[in-house]
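Please open the structure in your viewer and keep the selection tool at hand. The tour goes from one selection to the next and says what is found at each stop.

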Amino acid sequence: MKAGVALTGAVGGAGLLLPALSSEAQAQTATDIDPTTIPKFAQEMTVPEVTKPDRISGTTAYYSFEMQEVQTEIIPGKQTTVRTFDGHFPGPWIKACSGHRVVVTQKNNLPSPTSIHLHGGHVPESSDGTPMDLIQPGNEKTYTYPNSQPNANLWFHDHAHHVESENVFRGLTGFYTLMDLPEKALGLPSGAYDIPIAIRDARFDVDGQLIYQMNDFRGRTVILANGKAWPYFEVAARKYRFRLYNTANMKFFTLKLSNGSTVQHIGGDGGLLEAPVTTDAISLTSGERADIVVDFSKFPVGTTFELVNTEGVPAGVPPTPVLQFRVTRTAADYSRVPAKLRTLPALPTPTVNRNVVLRVDEGVADGMGYIDDKVYDHNRVDNTIKYGDTEVWTVSNVNQRVPHNFHIHLVQFRVLERNGVPVTSGPETGLKDTVRLMPGEKVKVQATFTGYRGKYVYHCHMFDHAAMGMMATMEVV
Ligand SMILES: [Cu+2]
């Protein structure tokens, strides 16, 4: 707690709110809802609607959102207060085309400062939503996204230092799909059969209100898919493309179908893979995305099965459900999943090697998070990178029990090695902006720093860990 106060004190002048840290928050907490009393598969999953721009001028689309608290039904029969963009829980869905600019004005009508980061986006520092580039309550900021990158599964969320964890937990996330012409020409499932699904955990009191506590990985026992607790989703017996987003603060998922069927894993953070990977397990750490195709034509109408999570579930215990699929009808299907999806650019020869060490205090109440043994300080530049350089970063999780992941702003990177073993197949061969690091693991990633100069952050993407200080600044000069 003392360290938390010191950190908050350092940025207090900017008007940041102190997130509820554990001991104090627990005393104020109402009784938790018993998650077993929440009926499973009793509400339909929300399918996000693509948000229409306010206007289009030339090749630029203009959007405006008001960050606001609204009431929504997450648990059947209960109203929950959530923090949203324009009332959407989960957020709005911007669909943009490569080469076509998007301009978003964000007005903050929340009781907390915010800073909106386009996760995975290649954008100038002024529009990156850096931790101290705050929109104070009552103010607004306009972000410009050049979309000068190929197809990608981006999203936007709050990144205001030390309060991003609570703001995201309370709902402040949105979808951002970046499309391009080569992807369109592939004939993948599209339109009503191309659906983003945000998967996360949450914690509620008996009245259905969210309970937020920092680093509360044990308390968040209710699983949401697109803003509903354990929903069902009716599908036609044909192929669907699902863009899965892990929007949980800290939870890692390994997703499977309860009937053991395989899916085609076609893309990830930075868009399509070179070729589909047929798999029965999808790994998603906090902030990561997986683009999959599920072929429901394999199942007769009337079939039901679940998307389940097996990660963190002890052996012999059934996996925990996420949502239920119900095959309710037939439908024509002219979509296809080609054997070749994309050619990724050749890897340039790196000229700089760096080490990055991730750690949190283990077994300590109200511990802090560190990168290279330092707690985040927005006044400090931790790494200076020469514009245009290609660098290899060896990222280590030196914790014994606590998992992490690792996210770099500005760039999409490539994963070269995991624990000394070259990554030559599977979904980690695609463009990535967030990568898993279990305790003791080490990954080598390679990135080329072009496009924009400026200060950007890199951090653990478990929001609570970032809020605990596990973040650092790089300056591209
Ligand atoms: Cu972490």
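Two strands count as paired if DSSP finds at least two bridges between them. With that in mind, and remembering that this is a predicted model, begin by selecting strand S31, residues 454-459, together with strand S32, residues 471-476, which pair in the antiparallel sense over 6 bridges. Within this pair, His459 stands opposite Met471 in S32. Strand S31 is mostly covered, since 5 of its 6 residues are buried.

Next, add strand S26, residues 404-408, which runs antiparallel to S31 and is joined to it by 2 bridges. Here His407 has His459 of S31 as its bridge partner. S26 also runs antiparallel to S29, with 4 bridges between them, and in S29 the residue that partners Asn405 is Arg436.

Now widen the selection to the whole sheet, which is open and mixed in its pairing, and whose 5 strands follow the order S24-S32-S31-S26-S29. The edges are strand S24 (383-385) and strand S29 (434-437), each of which has a single partner strand, so one side of each is left without a neighbour in the sheet. From one strand to the next, the twist averages 25°.

Which protein donors hold the copper ion? Select the ion and you will find His404 (ND1), Cys460 (SG) and His465 (ND1), lying 2.0 to 2.1 Å from it. Along the chain, these donors follow the spacing H-x55-C-x4-H. His404 lies in strand S26 and His465 in helix H5 (residues 463-467), so this pair ties together parts that are 61 residues apart in sequence.

Are these donors buried or exposed? Both His404 and His465 are buried, and Cys460 likewise counts as buried, at 0% relative accessibility. For another cysteine, select Cys97, which is partly exposed with a relative accessible area of 29%. The structure holds 0 disulfides.

Finally, turn to the largest nonpolar core, which has 82 residues, and select Phe242, Leu244, Phe296, Phe325, Trp393 and Phe406, the members that touch the most others. Centre the view on Phe296, whose contacts, leaving aside residues up to four places away in sequence, include Val235, Tyr240, Phe242, Phe305, Phe325 and Val327. Apart from the largest core lies another, of 22 residues, where Phe85, Val104, Ile135 and Leu178 are among the members to select.

Definitions and conventions. Residues numbered from 1 in each chain as written. Predicted model: local features only at pLDDT ≥ 70, side-chain atom pairs only at ≥ 80, totals over all residues. Heavy atoms only, no water. Donors = N, O, S within 2.8 Å, 3.2 Å for Na, K, Ca; no water. Buried < 20%, exposed > 50% of the residue type's maximum accessible area, 1.4 Å probe, protein only. Axes fitted to C-alpha atoms, helices over the stretch in contact; angles between N-to-C directions. Core = buried A, V, L, I, M, F, W, Y, C linked by side-chain atoms within 4.5 Å. Contact = heavy atoms within 4.5 Å. Disulfide = S-S within 2.5 Å.
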